[in-house]
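Good morning, and thank you for making time for this item. I should like to go through one structure, from its backbone geometry to its core packing.

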Amino acid sequence: MLPPTSPYVDVHAHLIHPSFAGEEDAVAERARAAGLAFVIVNGLEPKSNRAVIELCRRHDNLLPAVGIYPVDACGAVIDRAAWDHPFDPPAVFDVDAEIDWIDSVASEVVAIGEVGLDAYWVRDAAALAEQERVLRRLCKVAIKHDKPLILHTRKAEARTFELLQEEGVERADFHCYGGKLKLAKRIANAGYYLSIPPVVERAESFQRMAQEVPLERLLTETDSPYMGPDRGERNEPANVPRGVAAIAKARGESADHVAAVLRANFRTLFGQ
Ligand SMILES: [Zn+2]
């Protein structure tokens with residue numbers, strides 16, 4: 001049997017990022033040439049959310065997801081005096097108006113993302129509570145429109161899992177999961193998916209995940225421009241085949257088989 005012509009998918013890319021400025025169309029074409037059927041472009045806040053929808057209108061292989069990144073979600077309540085990271089604290093915007101907007105465009109997108117919880121960059125209790133409030137509202141929007149969530153869960157994997165169960169969310173992908181392997185298996189058992197970026201080529205933690213989580217619960221992503229296979233190089237969707245090859249190698253299975261199952265998983269979760 002001949003392999004399908006576009007066997008690869010990327011569930012999480014940030015093509016609305018300064019490092020891709022002016023090259024978005026070329027990146028979309030390189031993804032197609034590399035054998036990707038679809039790339040889901042994720043928004044983070046009001047500006048990138050609108051830019052995602054606009055970009056995806058121009059490319060039939062780019063699919064939009066809109067959301068509120070957890071660090072951006074708490075800009076209004078975060079303790080700015082205590083912010084000691086090497087980048088600016090999040091800008092303040094009307095988070096509830098943005099959730100209402102996401103609700104209003106939800107029928108045009110394939111997923112609600114990027115959303116989630118982040119206890120790595122954000123540590124003050126009020127800001128973490130605000131992240132949870134925002135995520136709960138976004139879960140309700142996703143359920144109302146029967147859309148999956150694409151989740152960021154850095155240092156908050158268990159809490160995110162709990163919250164999803166409390167909200168009755170059935171369809172979700174945990175992107176760039178960095179929690180415990182045991183919890184990853186529970187997440188998979190609950191019917192959620194975990195997506196693995198091309199950095200799996202050199203990251204043992206993702207190789208272990210590829211081995212231990214059932215293939216039927218895995219997906220591929222890039223998190224472009226981050227999480228690439230080559231240290232210090234900008235990542236892009238065209239690198240997905242390298243991620244698939246590394247997942248197949250870790251599992252001791254053929255790349256064709258792994259690609260076919262991952263492609264089918266994408267269809268199950270996103271309907272395309
Ligand atoms: Zn991301």
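Strands, as I use the word, are DSSP runs of E with at least two residues, numbered from the N terminus. In that sense Glu-114 belongs to strand E4, residues 111–116. Please keep in mind that what you see is a predicted model.

I begin with E4 because the peptide bond leading from Gly-113 into Glu-114 is cis, its omega being near 15°. There is a further cis bond from Ser-224 to Pro-225, with omega near 10°. Pro-225 is placed in the loop that runs between E8 and H9.

That loop between E8 and H9 also holds Asp-223. Although not a glycine, Asp-223 has a positive phi of about 55°. Asp-146 likewise is not a glycine and has a positive phi of about 55°; its place is the loop between H5 and strand E5, the latter spanning 149–152.

Are these two aspartates buried or exposed? Asp-146 has 11 other C-beta atoms within 10 Å, so it is exposed. Asp-223 has 22 C-beta neighbours inside 10 Å and therefore counts as buried. The cut-offs behind this are 20 or more for buried and 12 or fewer for exposed.

Let me turn to the core. The largest nonpolar core comprises 84 residues, and those with the most contacts inside it are Ile-40, Val-41, Leu-149 and Leu-194. Helix H5, residues 125–145, gives the most to this core, namely 7 residues. As general background, nonpolar side chains in soluble globular proteins tend to be buried together.

Which residues does Leu-149 touch, leaving aside those up to four places away in sequence? They are Ala-111, Ile-112, Gly-113, Val-115, Cys-139, Ala-142, Val-169 and Ala-172. Gly-113 in that list is the residue from which the cis bond to Glu-114 starts.

My final element is helix H8, residues 204–212, in which Phe-206, Met-209 and Ala-210 are buried. Viewed down the axis of H8, its buried residues fall within an arc of 100°, so they line one face of the helix. The general principle is that an α-helix has 3.6 residues a turn, so residues three or four places apart point the same way. On the other side of H8, Glu-204 and Gln-211 are exposed.

What do the buried residues of H8 pack against? Their partners are helix H7 (181–189), strand E7 (193–196), strand E8 (218–220) and helix H9 (240–251).

Key:
Residues numbered from 1 in each chain as written. Predicted model: local features only at pLDDT ≥ 70, side-chain atom pairs only at ≥ 80, totals over all residues. Helix = DSSP H or I, 4+ residues; strand = E, 2+ residues; numbered from the N terminus. Arc of directions from axis to C-beta. Contact = placed C-beta atoms within 7 Å. Core = buried A, V, L, I, M, F, W, Y, C linked by C-beta atoms within 7 Å.
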